[in-house]
Amino acid sequence: MSTRIRLTLAFAALTLCAAPSLIALDNGLALTPPMGWNSWNKFGCKDINENVVHQAADAMASTGMKDAGYRYIVIDDCWQISRDANGNIVPDSERFPSGIKALADYIHGKGLKFGIYSDSGTKTCAGRPGSWGYEFQDARQWAAWGADYVKYDWCNNGKQNSEAAYTLMRDALAKTGRPIVFSLCEWGSTKPWLWAKDVGNLWRATGDIVDCWDCKKDWGGLAWTKIIDLEAGLESYAGPGHWNDADMLEVGNGGLTNTEARAHFSLWAILASPLMAGNDIRNMTPETKEILLNKDVIAVDQDSLGMQGRKIRDDGDFEVWSKQLNGGNRAVALLNRSGAEKQMSVSWNELGYPDHISASVRDLWSKKDLGKLKSSFSATVPSHGVVMVKIEP
Ligand code: GLA
């Protein structure tokens with residue numbers, strides 16, 4: 001055998017034995033953070049059924065959410081009930097009497113995309129059958145039903161290695177030949193930002209969101225303000241096709257004031273997090289609608305540069321967050337966590353601009369152009385709220 005052939009064989013062997021995630025995920029999806037609706041935050045296990053999902057799809061189209069960029073209708077846990085004699089996953093026929101394929105067809109008929117949920121363990125977090133040992137069979141089934149998105153959880157996983165477990169499902173999804181966004185949900189427990197870029201399109205970096213201003217639950221649930229504390233520092237791991245997922249939104253679920261919900265939505269956009277509405281989009285107050293449909297804020301989230309924003313100043317309760325946008329522009333959120341309103345400012349130098357340039361500033365919530373400013377921007381920020389602007393030099 002020639003040296004050249006020997007070298008080639010050695011290289012091939014090395015490639016085959018390499019750590020699984022060295023083989024890149026190249027599904028070409030989620031070049032901007034996915035947008036859609038997920039059933040879990042509002043409907044949980046108890047209240048999910050096909051009528052809710054049908055009506056959510058209707059609402060996504062009729063409320064203007066679809067026009068604003070929301071696409072994925074994702075059924076979270078509790079659509080599944082058992083496995084049949086051949087190991088096929090069986091949907092809960094009481095809640096989904098028409099079957100999952102019919103539901104996916106309905107969603108597709110609205111020009112939307114369909115997402116489904118499973119778990120890398122023996123059982124899902126709500127105790128339904130998981131996909132461990134059935135990865136390829138389940139992926140095939142979801143693809144046959146028309147799934148465009150799979151959220152894959154991390155309960156009851158035994159002692160599996162997370163990277164290996166998620167890589168197996170990545171490969172199972174790829175094998176179906178259907179383009180499927182792959183959403184990892186292991187809550188940041190094994191630092192997915194370090195390894196998941198080549199495994200999934202998005203990964204949860206934190207525990208489950210809770211609908212409150214700053215609470216923290218013993219079981220690991222976190223208010224959105226606690227989630228952003230943990231997202232700070234993960235910026236460099238996000239980019240087109242691979243995002244830190246700050247979790248589904250709580251906008252419109254009742255635990256936040258409208259001011260707080262506006263701040264929550266603004267920070268998700270600054271973080272380039274997926275924007276998955278988690279409320280009952282069939283019944284929204286005008287204020288909730290106005291938040292979820294704010295096209296200027298959505299444009300910050302969806303900016304094609306794909307940079308996650310960062311916290312550039314932390315003065316206790318007063319934080320300045322900034323996201324680089326295409327064309328040298330910046331989005332800035334002045335966040336006031338205190339109990340009183342506060343005059344806050346950001347200087348051009350902090351944003352990486354020379355002090356002397358003038359830049360157009362637009363307030364993304366009042367939707368007003370504030371004209372051309374030099375060297376800094378300041379505003380009165382409401383308690384528990386933000387002022388969010390776009391700055392264009
Ligand atoms: C975990 C996930 C949630 C949700 C539930 C479903 O807690 O983090 O987002 O999917 O499981 O049981």
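**Exercises: where the two domains meet**

**Exercise 1.** In this predicted model, how much area is buried between domain 1 and domain 2, and what share do carbon and sulfur atoms give?

*Solution.* Start with the total: about 2000 Å² is buried between the two domains, and carbon and sulfur atoms give 70% of that. Next, look at who pays on the domain 1 side: Trp213, Ile270 and Val300 lose the most area to domain 2, together 29% of what that side buries.

**Exercise 2.** Work out which residue ranges form the two domains and how many residues each brings to the contact.

*Solution.* The domain assignment puts residues 23-301 in domain 1 and 310-392 in domain 2. Taken over C-alpha atoms, their centres sit 30 Å apart. Counting residues in the contact then gives 25 from domain 1 and 23 from domain 2.

**Exercise 3.** Tally the salt bridges and the polar contacts between the domains.

*Solution.* The salt bridges come to 3. For a pair to look up in the model, try Arg362 and Asp296: they form a salt bridge, with the closest N and O atoms 3.2 Å apart. As for polar contacts, 8 residue pairs make them across the two domains, counting pairs with both residues at pLDDT 80 or more.

**Exercise 4.** Which helix gives the largest share of the domain 1 side that touches domain 2?

*Solution.* First list the candidates: helix 8 (224-231), helix 9 (258-270), helix 10 (286-292) and helix 11 (295-301) each supply at least two residues to that side. Helix 9 takes the largest share, with 9 residues. Finally, sort that side of domain 1 by class: 14 residues are nonpolar, 4 polar and 7 charged.

Note on methods: Residues numbered from 1 in each chain as written. Predicted model: local features only at pLDDT ≥ 70, side-chain atom pairs only at ≥ 80, totals over all residues. Heavy atoms only, no water. Domains from an automatic or database assignment. Contact = heavy atoms within 4.5 Å. Buried area = accessible area lost by both parts, 1.4 Å probe. Salt bridge = Lys/Arg side-chain N within 4 Å of Asp/Glu carboxyl O. Polar contact = N/O pair within 3.5 Å; in protein donor to acceptor, adjacent residues only side chain to side chain. Helix = DSSP H or I, 4+ residues; strand = E, 2+ residues; numbered from the N terminus. Nonpolar A, V, L, I, M, F, W, Y, C, P; charged D, E, K, R; others polar.
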